[in-house]
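User: I would like a close look at one place where two helices pack together. Please explain it step by step, and then place it in the wider interior.

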Amino acid sequence: MPGVYLASGDLSVLGTHVVPLTFDPGAAKSKAADVAAMAVGGASLAAQVAHGINSARGLVRLSPETMAALKAGAKPFTKDGWNLGTLKDGNQFAHSVRWAPAGAQGATSVAASAGPAAAIMAIQMQLAEISALVEENIALTRSLLQAVEDERWASAKSHFDAIAEEFGHANALGEVTPSIWGQAQAQASETKLRELLELSLRAARRHHEELTALETSPARRTWLDTNARSVTQEAQTLLMAHSAWLRYQALRAGYLHRTAAEDPQDAALLERVIAGAQRRDAEVRAVAFPLLEDVYRLLRMLEEGTGSAWKKLFPGVRNREAVRAAAGYVATQLGALAGHHGAYQADPPPAPVEFTLLPLNPLKAVTSRLRWILREGETLVAVTKSGGWRELERYLVFTSSRILIVREGNFLSDGDVDQELPWTSVRTVAKVPDSDRDDGFDLRIQHGPVEKPDVRTFALRDSSLTHRGDAFVKRLTALVGEETGIGSISSPDAAVATVRTD
């Protein structure tokens, strides 16, 4: 379990988010200032189980700077066998914190209790990571879907409520008592939740397969405009059923934990329950994450634009605030589903541009939209403007994998892409001979099949092209060469640089 650590004492001084470490009998009997808790951080530490679950008063985070210093060989001050840290009151040192790495003392106790304790914490780590899913699920349903008539969603919600109530009792008592476990079983939730999970996974996978089969941005955008609401509903039903099922598994694990330390069979069963929960959790995340990420990118594109395309998803809503709120709910869920902290950026920066061929403000407007369109690992080579008195003004976006052709107004308002040309389909990129002007030149792009290629010419206009045009075209020919295996320029004259694949 990366990024967690055991500690004891008053966790309020840590300055980091903590969540209850449940099903710990010692926690229910301890002082309020010494409540078992879990903090999930970004440091790459393995969870250490010290003196059994009853003496593990919490999980805390060490900062990346502290971890870097420790790995570099720095040592804390020690006294009487304990490492020392410092607390302050105002501007003065007030107290020394005494701590020891888990396992530094009481190795026999650790060996005896690490298995059951580590197992019960494993599922609690999963619960901590997805703790916001249900709350955001309900909020998103109200904002984006308004009313859900789907029977599966309602069934998952009712089972979740029943299991959540027993889960709350277990948290309050610090353990899963026979009465709590009996009541949880009486709801017949596991069988129903397994059915709901399978149906939701099947529907979500179908949506994912349909979307991934569409290779171009225009096709994907059209599909999302039509299906975003149904995709969201399926994803939310899946997350609701999964959250309920995982809590049921946590209750079962908590009940087994009562006897796991003394009964090897219960200890083995506990580990199997946890392993099964982890496998299912990974499966759900793998299906739900890409679907919700596509919906999120669409919502952010509509939120930041100036057009009215968002009204298709939010009929009857007066302003764009609903779009912003829905995007926030989805972002929270994506953060929980990302698998580990720091893996997901809700607000990524615009991609850097290799060739700056537009003034700063227009370039920033374009790249702020492009960050919701560019794929993972795709880099931005250049953005150029094509115009002239005989044609509409367009932007040509050249990336490491494709060319996007967009109409300026439609793209900036709603993020619409008119045409997408993968470099694998491009046969020739060339500067049109004798087309140089003071403010640019004409660019010819040939793409499509050998038998009947499509040739388009664009009048690129910007003063920076005058002195960087040749280098820019040479870079584009290299991109064609990378995809086709032809890396050389057929013409010795850089001014008419061309790559041909036929």
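**The contact of α5 and α7**

Analyst: In this predicted model, helix α5 and helix α7 cross with a left-handed turn. The residues that α5 brings to the contact are Arg152, Ser155, Ala156, His159 and Ile163. From α7 come Ser189, Lys192, Leu193, Leu196, Leu199, Ser200 and Ala203. Sorted by type, the residues of this contact are six nonpolar, four polar and two charged.

Two packed helices are described by the angle between their axes and the distance between the axes. Here α5 spans residues 151-173 and α7 spans residues 189-212. Their axes come within 10 Å and cross at roughly 140°. That angle makes α5 oblique to α7, because angles over 145 degrees are needed to count as roughly antiparallel.

One residue of the contact can be followed further. Ala156 sits in helix α5. Its relative accessibility is 0%, so Ala156 counts as buried, the limit for that being under 20%. Leaving out residues up to four places away in sequence, Ala156 touches Leu196, Thr237, Met240 and Ala241. Leu196 is also among the α7 residues in the helix contact. The C-alpha atoms of Ala156 and Lys192 are 8.5 Å apart, although 36 residues separate the two along the chain.

On the α7 side, His207 is worth a look. His207 belongs to helix α7, and with 9% relative accessibility His207 counts as buried. Its contacts, not counting residues up to four places away in sequence, are Trp223, Ser230, Val231, Glu234 and Leu291.

Now to the wider interior. In soluble globular proteins, nonpolar side chains tend to be buried together. In this model the largest nonpolar core has 70 residues, and those with the most contacts inside it are Leu238, Tyr296, Leu299, Phe314, Leu370, Val383 and Phe411. Helix α9 supplies the largest share of this core, 13 residues. Another core, of 23 residues, lies apart from it and includes Val429, Leu460, Leu465 and Phe472.

Val383 shows how one member of the 70-residue core is surrounded. Beyond residues up to four places away in sequence, Val383 touches Val353, Phe355, Leu357, Leu358, Leu363, Val366, Leu370, Tyr395, Leu396 and Val397. Of these, Leu363, Val366 and Leu370 are among the buried residues of helix α11 (residues 360-370). The buried residues of α11 pack against several elements, including α9, β8 and α12.

Key. Residues are numbered from 1 along each chain as its sequence is written. This is a predicted model: local features need pLDDT of at least 70, side-chain atom pairs count only at pLDDT 80 or more; totals for chains, interfaces and linings use all residues. Side-chain values use heavy atoms; hydrogens and water are left out. Axes are lines fitted to C-alpha atoms, for helices over the stretch in contact, and angles run from 0 to 180 degrees between N-to-C directions. Helices (H or I, at least four residues) and strands (E, at least two) are DSSP runs, numbered from the N terminus. Angles under 35 degrees count as roughly parallel, over 145 as roughly antiparallel, 65 to 115 as roughly perpendicular and the rest as oblique. A crossing is left-handed if the near helix is turned anticlockwise from the far one by less than a right angle, and right-handed if clockwise. Contact means heavy atoms within 4.5 Å. Ala, Val, Leu, Ile, Met, Phe, Trp, Tyr, Cys and Pro count as nonpolar, Asp, Glu, Lys and Arg as charged, and the others, Gly among them, as polar. Buried means under 20% relative accessible area, exposed over 50%, partly exposed in between (1.4 Å probe, protein chains only). A nonpolar core is a set of buried Ala, Val, Leu, Ile, Met, Phe, Trp, Tyr and Cys residues joined through side-chain atoms within 4.5 Å.
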